[in-house]
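Let's walk through this one together, question by question. Have a look first, then see if you can follow each step.

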Amino acid sequence: MLFEEFGFDNRILKSIGHLGFDAATEIQARAIPEAMAGRDLLASSKTGSGKTLAYLLPALHRVYKKKALSKRDPRVVVLVPTRELAKQVFGQLRLLLAASRFTSILIQGGENFNDQHKQLQKDPHFIVATPGRLVDHLKQRHVFLEGLELLILDEADRMLDLGFAEAMRAINAAASHRQRQTLFFSATLDNTQVSEIASELLREPSRVAVGKGF
Ligand code: ADP
Ligand code: MG
């Protein structure tokens with residue numbers, strides 16, 4: 001499937017062109033239409049299969065096409081397990097947002113808390129975060145998630161392995177808008193802890209598993 005065929009906003013097609021990609025990978029071809037339709041998604045596929053764009057592109061499309069639910073709150077939060085992954089995802093997002101008016105910040109553990117607070121005060125549209133540090137800012141009321149439209153969990157199984165279950169739940173509870181959509185990616189789905197938290201966070205999700213099947 002070609003990226004042109006998804007019905008993306010033209011600005012998105014342009015940024016994909018800059019990345020030099022024409023055709024979607026299998027997880028992208030199957031996950032993107034579900035996400036664009038506004039449905040919650042429970043997805044798995046192996047490392048290197050292109051999951052980052054499978055969630056970033058529908059996130060961008062939603063932000064371009066729809067009016068924000070709130071002026072103050074972030075529109076999209078991407079949770080990732082590690083600082084390295086946070087940097088990678090943030091780098092991709094920055095490239096995709098380069099020609100747009102939308103802003104993004106990186107909130108990860110180990111970096112200066114006050115600097116992050118200042119960045120949050122500018123009301124960014126997108127936040128890429130590790131769960132523990134985002135919860136620290138939520139508790140300090142540096143950020144509010146009532147108007148959040150899209151919550152994305154990348155490598156959810158690794159976040160659970162790293163002990164982020166309670167942080168994931170706290171973020172889920174704070175992102176309380178009825179219209180919130182959730183995209184949940186995990187290397188494995190046949191794991192009790194993963195299916196438990198998925199059932200708490202997702203509402204009637206579409207399931208996409210590449211290379212395994214349910
Ligand atoms: P995953 O999260 O599934 O491990 P990534 O999103 O990190 O995979 O993507 C792996 C690599 O594939 C990256 O270098 C990315 O730029 C590249 N990639 C993503 N989508 C495509 C595509 N449609 N065509 C070619 N390369 C792609
Ligand atoms: Mg990945």
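Before we start, one definition: two strands pair if DSSP finds at least two bridges between them. Also keep in mind that this is a predicted model.

Q: In β5, which residue is the bridge partner of V78?
A: Start with the two strands: β2 covers residues 76–79 and β5 covers residues 150–153. They run parallel and are joined by 4 bridges. Look across from V78 into β5, and the bridge partner there is I152.

Q: Which strands are the edge strands of the sheet?
A: The sheet is open, has 7 strands with parallel pairing, and follows the order β3-β4-β2-β5-β6-β1-β7. An edge strand here pairs on one side only. That description fits residues 104–107 and 206–209, in other words β3 and β7.

Q: By how many degrees are neighbouring strands of this sheet turned against each other on average?
A: Think of the strands in their order, β3-β4-β2-β5-β6-β1-β7. Ignoring direction, the average turn between neighbours is 10 degrees.

Q: About what angle does the direction of helix α3 make with that of β5?
A: Helix α3 spans residues 51–65 and packs on the sheet. There it touches β2, β5 and β6. Set its direction against that of β5, and you get about 175 degrees.

Q: Which element gives the largest share of the shell around ligand 1?
A: The shell includes T47, G48, S49, G50, K51, T52 and L53. By type, the shell residues split into 4 nonpolar, 7 polar and 1 charged. The largest share, 3 residues, comes from α3.

Q: Is V80 buried or exposed?
A: First, find V80 in the loop between β2 and α4. Among the residues it touches further along the sequence are L85, V128 and D154. A residue needs 20 or more C-beta neighbours within 10 Å for the label. V80 has 26 inside 10 Å, so it counts as buried.

Q: How far apart in space are V80 and S44, C-alpha to C-alpha?
A: Along the sequence, the two are 36 residues apart. In space, C-alpha to C-alpha, V80 and S44 are separated by 15 Å.

Q: What is the radius of gyration of the protein chain?
A: The chain has 9 helices and 7 strands. For 214 residues the globule rule gives 17 Å, and the chain comes close to that, so it is as compact as a globular protein of that length. Its own value is 16 Å.

Definitions and conventions: Residues are numbered from 1 along each chain as its sequence is written. Chains are lettered from A and ligands numbered from 1 in the order in which they are written. This is a predicted model: local features need pLDDT of at least 70, side-chain atom pairs count only at pLDDT 80 or more; totals for chains, interfaces and linings use all residues. Axes are lines fitted to C-alpha atoms, for helices over the stretch in contact, and angles run from 0 to 180 degrees between N-to-C directions. Two residues are in contact if their C-beta atoms, placed from the backbone, lie within 7 Å. A residue is near a molecule or strand if its C-beta atom, placed from the backbone, lies within 6 Å of it. Ala, Val, Leu, Ile, Met, Phe, Trp, Tyr, Cys and Pro count as nonpolar, Asp, Glu, Lys and Arg as charged, and the others, Gly among them, as polar. A residue is buried if 20 or more other C-beta atoms lie within 10 Å of its own, exposed if 12 or fewer, and partly exposed in between; C-beta atoms are placed from the backbone. The radius of gyration is taken over C-alpha atoms; the globule rule is 2.2 Å times the number of residues to the power 0.38. Lists of a residue's contacts leave out its neighbours within four places in sequence.
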